[in-house]
Amino acid sequence: MCGIIGYVGDKNSVPFLIEGLKRLEYRGYDSAGIAVAENGHIHRVRAVGKVAELEKASLLENPRGCCGIGHTRWATHGKPSQENSHPHTDCSGDIVVVHNGIIENYLSLKEKLQALGHKFQSETDTEVIAHLIEENLKHVHAETDEQRFFRAVMKTSDELQGAFAYGVLWAKTPNQIIGVKNQSPLVVGLGEGENFLASDVPAFLKYTNKVLFLEDGQTVVLRPEKTVVYGMDGKETKVKPTKVAWDQKTAEKSGFKHFMLKEIYDQPQALEDTLRTAQADFMRILGLKTEDLRRIKNIYLVACGTAYHAALIGKYYLENFAGVTASVDLASEFKYRTIPPAKDTLCIAVSQSGETADTLGAVKKAKELGFKRLAICNVLGSGLTRACGSVFYTHCGPEISVASTKAFTSQIISLYALSIFLGHASGNISRGQFDKLYKEMMALPKAVAETLKIEYDVRHLTKKVYKANRFIFLGRNVDYPIALEGALKLKEISYTSAEGFAAGEIKHGPISVIDKGTPVIILMPKDHLFDKMLSAAQECRARGAFVIAVTTPDGSEEAAAVTDKRILVPKTGEYLQPVLNVIALQFFAYWVAKRLGRDIDQPRNLAKSVTVE
Ligand code: F6R
């Protein structure tokens, strides 16, 4: 939520800022702005709407300067407007700030600053940072402006409460940017004679993959030739750069019309890359804590949105393969409900970004309860990976589209791998069973590649239903969470009402919403519950529904007797089948949204990383 970018080097910063903001646009797209140090003053350009609007405005105004900061906003305090767009300034207009997160004590700080004569121009919490730095500059002393500014920023950070990251620039020190990280993401890209500050790596990946992942409480000073990190005590601290394996191509559309479609097609590779390290990583995780994990009696899975749906499938895996009782909580609920303290309990947090505030909050609570913590996460160095004792990384590369696709299937396969490795280590499954499950798992990327061939059929089918004003998705067992995910994906990007249900539940209420022509998408691979799904299809059809079956070739004929259309996906092991089934629903959502002319990669009101509660 909200993207920060900063550039300091020997070139005009503006193209770097605009390009970086475009790559961070998934984090918010209500408004955007940049500010550069230009001949002793600050030149600021802001625009409501997407970064393209800012780009137009800055072409007209032509700001130029080798040091600049930029921001793309997802509104929290104050509506999307020119005044509320970042960067925000102090009274003089010489100090500019871009910020991500929430300053919880901004109202009391604002009142204090107003009483001292500071004039505010926006409704945002961010603006207090600029005025507070201005105020603190009056009270700190140092030999150089650079040192004085650094001290004023440190003093300011001490007075701020909340989870935030910010970048700041002062016209009097036009060769440096200062960045501060406290529980919101902030990374540094180290280039040759130029350095970058950003909320996320793709913002500068084209120029460098050498990254400093900052810790909470750290402040960084970036100059063209040097970047120095300081701890909370103001003392220099060494942070080892990490070479990020992602390359620029993974963060581009590569000829696809939308990131979402590209990311659907990335799935065979994402799964292969995730599985490549799964055995070694889980053996390390399990090996380090074998005794601990063998004693695990209870598992809580916590996550939000799509990751929550992956966690729901994880419950089936953990109970079936590892033989451990598992429960799944929406992270936002886990934080606030009473959880009895229990020994030998593991909390598994699932998150693509590793930044989701609710998930971080749930993990904090798990820590307070004395639970062990394992993160399944896609982003190296993110807050979640630091908050958990162990981490398993999904290797999907950057997921840019707001609607999650490849992260979801990678999370499922990670939970599957964990469950079979755990089940094998604890003796819950035999060597023979493990070998069979393992073989199926390793063959999955190929099956996913095969499944992608259904796009044409799904695209064609959506022509018939895309104008419907309500969609129903039904699944059972491991396909129940897939029904929920199919509905979420569709409503997220098409803005149409869609609901997912456990197929056995429809007769307990939901069937009343089915009307003549209501599209009902039924997940019905030919497995031990197939007959039940045939009945569900008949019940819906009898009420006038237009029934679409997602089934396997061996179920096609029987499904044809009770449904209006079929989408055929290849067959794999029963517990892995959801990974193939969801691909049909990802294409379905994509093509309905495309036909409706929606903004697929950046649907209204949403942002990719939800870093506020
Ligand atoms: C849906 C979607 C969201 C995220 C949710 C959690 O397509 O992307 O529902 O899954 O906000 O995000 P992460 O996984 O980053 O914690």
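Begin by selecting Asp266, which counts as buried at 18% relative accessibility, since the cut-off for that class is under 20%. The model on display is a predicted one, and this tour follows its charged side chains.

**First stop: a buried pair**

Keep Asp266 in view and add Lys406. The two residues form a salt bridge, with the closest N and O atoms 3.0 Å apart. Lys406 belongs to helix H13 (residues 406-425), while Asp266 sits in the loop between helix H6 (259-265) and helix H7 (267-288), so the contact ties together parts that are 140 residues apart in sequence. Colouring by accessibility will show Lys406 as buried too, with a relative accessible area of 1%.

**Second stop: a pair within one helix**

Next, select helix H14 (residues 431-451) and display the side chains of Lys436 and Glu440. How far apart are N and O in the salt bridge of Glu440 and Lys436? The distance is 3.2 Å. Along helix H14 the residues Glu440 and Lys436 are four positions apart, which means that about one helical turn separates them. Their surroundings can be compared by accessibility: Lys436 counts as exposed at 54%, whereas Glu440 is partly exposed, with a relative accessible area of 21%.

**Third stop: a network**

Move now to Asp10 and Lys11. These residues form a salt bridge in which the closest N and O atoms lie 3.5 Å apart. Is Asp10 buried or exposed? At 57% relative accessibility, Asp10 counts as exposed; Lys11, at 38%, counts as partly exposed. Add Glu194 to the selection, and a network of salt bridges linking Asp10, Lys11 and Glu194 comes into view. For an overview of such contacts, display every salt bridge in the model: the structure holds 31.

**Last stop: a patch of positive charge**

Finally, switch to a surface representation and select Lys253, Lys257, Arg459, Lys463 and Lys594. These residues gather in a patch of positive charge on the surface. Membership of such a patch requires over 30% relative accessible area and no salt bridge. Which helix contains Lys463? Lys463 is found in helix H15, spanning residues 455-465. With a relative accessible area of 52%, Lys463 is exposed, because the limit for that class is over 50%. Lys463 therefore also satisfies the accessibility condition of over 30% for the patch.

How values were computed. Residues are numbered from 1 along each chain as its sequence is written. This is a predicted model: local features need pLDDT of at least 70, side-chain atom pairs count only at pLDDT 80 or more; totals for chains, interfaces and linings use all residues. Side-chain values use heavy atoms; hydrogens and water are left out. Patches are made of residues with over 30% relative accessible area and no salt bridge: like charges are joined within 9 Å, nonpolar side chains (Val, Leu, Ile, Met, Phe, Trp, Tyr) within 5 Å. Accessible areas come from the Shrake-Rupley method with a 1.4 Å probe; for residues, only the protein chains shown count as cover. A salt bridge is a side-chain nitrogen of Lys or Arg within 4 Å of a carboxyl oxygen of Asp or Glu. Lys and Arg count as positive and Asp and Glu as negative; His and the chain ends are not counted. The place of a charge is taken as NZ of Lys, CZ of Arg, CG of Asp or CD of Glu. Helices (H or I, at least four residues) and strands (E, at least two) are DSSP runs, numbered from the N terminus. Buried means under 20% relative accessible area, exposed over 50%, partly exposed in between (1.4 Å probe, protein chains only).
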